[in-house]
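Trainee: Could you take me closely through one part of this protein, the place where its last helix packs against its neighbours? I would like one connected account that I can follow with the structure open.

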Amino acid sequence: MTTAYWCVLIAAYLPIAWTGMAKFGTGGKDFDNAAPRVMLAKLDGWRQRANWAQLNGFEAFPPFAAAVIIAHLLAVPQARIDLLAMAFIAARVVYGILYLANLPSLRSLAWMIATGCVVALFVSAA
């Protein structure tokens, strides 16, 4: 399995880290497994932003996974695919941290970098 494929696996489960922080950020005392979406909708502050980071992570995953797979299928040099995939993961981790820290301008920059990695994967395959 290539490094880029491992990055796809990481990207698939990275949102779970953010939702874990949202759900258990106060030691789990507010967590309601019977109605987790209702509970998440009532959050505020950094826990609410953690939930939003989770949602955005799930939105960012499909184009990233498709880009990696298409780049592999079209024989883009493996080193380029791996580098762009690792940069995507790094940018998404930074994105989540900046979301929790409530730094929207820097968060948007991290989002643009991650999105740029996806676009670069697609363009490399063209």
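**The packing around helix α5**

Mentor: The crossing of α3 and α5 is left-handed, and in this predicted model the axes of the two helices come within 8 Å and cross at roughly 25°. With an angle under 35 degrees counting as roughly parallel, α3 and α5 are therefore roughly parallel to each other. On the α3 side the residues that meet α5 are Asn 56, Pro 63, Phe 64, Ala 66, Ala 67, Val 68, Ile 70 and Ala 71, while α5 contributes Trp 111, Val 118, Leu 121, Phe 122 and Ala 125. Sorted by class, this contact of α3 with α5 holds twelve nonpolar residues, one polar residue and no charged ones.

The other partner to look at is α4, which covers residues 78-100 and packs on α5, residues 104-125, at an angle of about 160°, with the axes 8 Å apart. That angle makes α4 roughly antiparallel to α5, and here too the crossing is left-handed. From α4 the contact takes in Arg 80, Ile 81, Leu 84, Ala 87, Phe 88, Ala 91, Arg 92, Val 94, Tyr 95, Leu 98 and Tyr 99, and from α5 it takes in Leu 106, Arg 107, Ala 110, Trp 111, Ile 113, Ala 114, Cys 117, Val 118, Ala 120, Leu 121 and Ser 124. The classes in the contact of α4 with α5 are 18 nonpolar, one polar and three charged residues.

Leu 121 is a useful residue on which to centre the view, since leaving aside residues up to four places away in sequence, Leu 121 touches Phe 64, Ala 67, Val 68, Ala 71, Ile 81 and Leu 84. In the largest nonpolar core, which has 22 residues, Leu 121 is among those that touch the most other members, together with Phe 64, Val 68, Ile 81, Ala 85 and Phe 88. Two or more residues of this core come from each of α1 (3-24), α3 (45-73), α4 and α5. There is also a second, separate core of 13 residues, whose members include Leu 14, Ala 22, Ala 53 and Leu 100.

To place this part in the whole, the protein has five helices and zero strands, and 39% of its 126 residues are buried. Among contacts between residues at least 6 apart in sequence, 73% join residues at least 24 apart, and the C-alpha atoms fill a box of roughly 50 × 30 × 20 Å along the principal axes.

Note on methods
Residues are numbered from 1 along each chain as its sequence is written. This is a predicted model: local features need pLDDT of at least 70, side-chain atom pairs count only at pLDDT 80 or more; totals for chains, interfaces and linings use all residues. Side-chain values use heavy atoms; hydrogens and water are left out. Axes are lines fitted to C-alpha atoms, for helices over the stretch in contact, and angles run from 0 to 180 degrees between N-to-C directions. Helices (H or I, at least four residues) and strands (E, at least two) are DSSP runs, numbered from the N terminus. Angles under 35 degrees count as roughly parallel, over 145 as roughly antiparallel, 65 to 115 as roughly perpendicular and the rest as oblique. A crossing is left-handed if the near helix is turned anticlockwise from the far one by less than a right angle, and right-handed if clockwise. Contact means heavy atoms within 4.5 Å. Ala, Val, Leu, Ile, Met, Phe, Trp, Tyr, Cys and Pro count as nonpolar, Asp, Glu, Lys and Arg as charged, and the others, Gly among them, as polar. A nonpolar core is a set of buried Ala, Val, Leu, Ile, Met, Phe, Trp, Tyr and Cys residues joined through side-chain atoms within 4.5 Å. Buried means under 20% relative accessible area, exposed over 50%, partly exposed in between (1.4 Å probe, protein chains only).
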